[in-house]
Amino acid sequence: MPANSLKNRGIGLDKRRLYPGSALIIGLIAFQYTWTIFFPYVQNQFALESTAAIALGSSLAGLGAMVVFPPIIGTILDRTDSAVIPSLVAAVLIALGGVSFSLMTTAESWVMGKWFWYAASFLLGGGATALATGLLPPLVSQWFSDDEQGSAQGLMMGARYLALAAASPIIGGLLSLLGFSFGFAMVVTLFGVAITIVLGTVVWRFPTADEQRELFDQESETDTESSGEAMTFAAAFKDARFWILLVAMTGAAFSYMGFMQNFSLILVEGLVENAGYSEAFVTGTVVPTFLSVNYLFMGAGAIFWGRVMDYLGGPFRALILIYGIPATLYALFFLSYTMLIPVLVIGALIFFGLGGEPPVHYAAVPNFFGRENVGKILTYMNAVSVGSGVFLGPIVFAYINDLTGVYLASFAVAIAIRFISAGAAAVGTRYSTAS
């Protein structure tokens, strides 16, 4: 990235950084990414032996966060050029989900409790995260030029992961203080609604026409994979890069979320069932610590890989590495998941690599197709590709575990799919170079 690329032309650096920086706040309520913390509590409350029934909650959270709600938010954003209405929509979803979550904590049987769990996962886990995935990345793209997109989106995701690192011990502390209870659910809900309304109605806005001219009138001509055109959704739909990126993102998201949303149960399998650690220690200490530390690594990875994308001159070139490196580390993770220290170290390296996926995905869309319709294009691509991976990954990981009694086969599937995504990115690089 050029040395002066983050120097604003008359608008003020602080104002531009406000948008990726506000991800530090919105990340605190991206509940989809911390939803796995609740798995052991749900399992114990209802005395469940099956994990797939619980993991379906994460699949539904992913369905809401990536498939259903972001396209609605992105379409409204493009049509209104305002964050107010999308944020109010998200606030309503969070409120409804919080009520469902509260009722689930008081249910006496899984027959009734599962419906509240699934509704809470879809509305609370999905609705809160949808604000971060459906609204903030398109908004950030409006404030940064093509050769800054990787770094800007990386900074945004880095801030979100830093918030998630803080959110995990906060949630753990609240659970210790309030228990898995009605009161805990209400505190989480009110906090989420308040943040959503304040950011969307007070803080976030689009740059004016004059500001955009000042921002982009001196964009550097770099060797990137960008077409330099502002495409409609229909035009992007016909572009080969759209479909190559779609395939790559789908496979990566499947393995990403399958691992992330099951790792609390993976650690129970490795450390409790095979290594003899107490379940209370693993679920109460190791899992929250693992989440907190590794979200710090994801934040560092997001910033690092965003800059790598800008340095390499295009998303596909960075994605080959981002997909391939964690695939190898998955195998090492499973081989050492009965040992506490190695599993934490290897897990941190995996999350450093996984942290690069979202910012480079987010940067790829405006890089390839322009900023004019980025809200719709980005959220629709996420809905089909990342959304399907997010929905299927957690439940398939858990279902394979239920069938085989061990997570080995799940890891094998995840590794194979990540290499397929890396191959798709390599094809995309060759296509862009030829073009």
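## Exercises on side-chain pairing and burial

In this predicted model, R418 forms a salt bridge with E357, and the closest N and O atoms are 2.5 Å apart.

**Exercise 1.** Determine which parts of the chain the salt bridge between R418 and E357 ties together, and how far apart they are in sequence.

*Solution.* Begin with the location of each partner: R418 lies in helix 19, whereas E357 belongs to helix 17 (residues 357-369), so the pair ties together parts that are 61 residues apart in sequence. Next consider the surroundings of the two side chains, for which the answer is that both R418 and E357 are buried.

**Exercise 2.** State how many salt bridges the model holds, and work out which residue meets the side chain of R241 in one of them.

*Solution.* The count comes to two salt bridges. In one of them the side chain of R241 meets that of D239, with 2.8 Å from N to O, and this distance satisfies the criterion because a salt bridge requires a side-chain nitrogen of Lys or Arg within 4 Å of a carboxyl oxygen of Asp or Glu. As a general point, side chains of opposite charge can pair when their charged atoms come close.

**Exercise 3.** Describe the setting of D239, giving its place in the chain, its accessibility and its contacts.

*Solution.* First, D239 is found in the loop between helix 11 (233-237) and helix 12. Second, the relative accessible area of D239 is 13%, so the residue counts as buried, the cut-off for that class being under 20%. Its partner R241 is likewise buried, with a relative accessible area of 7%. Third, when residues up to four places away in sequence are left out, D239 touches M231 and F369; in addition, the side chain of D239 makes a polar contact with the side chain of R241 at 2.8 Å.

**Exercise 4.** Classify the geometry of the aromatic pair formed by F259 and F411, and locate both residues in the chain.

*Solution.* The model contains 30 aromatic pairs. For F259 and F411 the distance is 6.0 Å centre to centre and the angle between the planes is 70°; because an angle over 60 degrees counts as edge-to-face, the pair is edge-to-face. F259 sits in helix 12 (residues 240-260) and F411 in helix 19 (residues 408-434), 152 residues apart, and the pair thus links distant parts of the chain. Both F259 and F411 are buried. Elsewhere, one aromatic cluster is formed by W35, F38, F39, Y41, F101, W117, F180 and F184.

**Exercise 5.** Identify the helix that gives the most to the nonpolar surface patch containing V293, and contrast the accessibility class of V293 with that of L199.

*Solution.* The patch consists of L24, I25, L162, V293, L296 and F297, which together have about 470 Å² of accessible area. Helix 2 (23-26) and helix 14 (279-312) each supply at least two of its residues, and helix 14 gives the most, with three. V293 is found in helix 14 and counts as partly exposed, at 36% relative accessibility. L199, by contrast, lies in helix 9 (residues 182-203) and counts as buried at 4%. Leaving out residues up to four places away in sequence, L199 touches S22, I25, I26 and W204, and among these I25 is a member of the patch. Finally, L199 and F39 are 160 residues apart in sequence and 30 Å apart in space, C-alpha to C-alpha.

Note on methods
Residues are numbered from 1 along each chain as its sequence is written. This is a predicted model: local features need pLDDT of at least 70, side-chain atom pairs count only at pLDDT 80 or more; totals for chains, interfaces and linings use all residues. Side-chain values use heavy atoms; hydrogens and water are left out. Rings of Phe, Tyr and Trp (its six-membered ring) pair if their centres lie within 6.5 Å; planes under 30 degrees apart count as stacked, over 60 as edge-to-face and the rest as tilted. Helices (H or I, at least four residues) and strands (E, at least two) are DSSP runs, numbered from the N terminus. Buried means under 20% relative accessible area, exposed over 50%, partly exposed in between (1.4 Å probe, protein chains only). A polar contact is a pair of N or O atoms within 3.5 Å; within protein, one must be able to donate a hydrogen and the other to accept it, and residues adjacent in sequence count only if both atoms are side-chain atoms. Contact means heavy atoms within 4.5 Å. Patches are made of residues with over 30% relative accessible area and no salt bridge: like charges are joined within 9 Å, nonpolar side chains (Val, Leu, Ile, Met, Phe, Trp, Tyr) within 5 Å. Accessible areas come from the Shrake-Rupley method with a 1.4 Å probe; for residues, only the protein chains shown count as cover.
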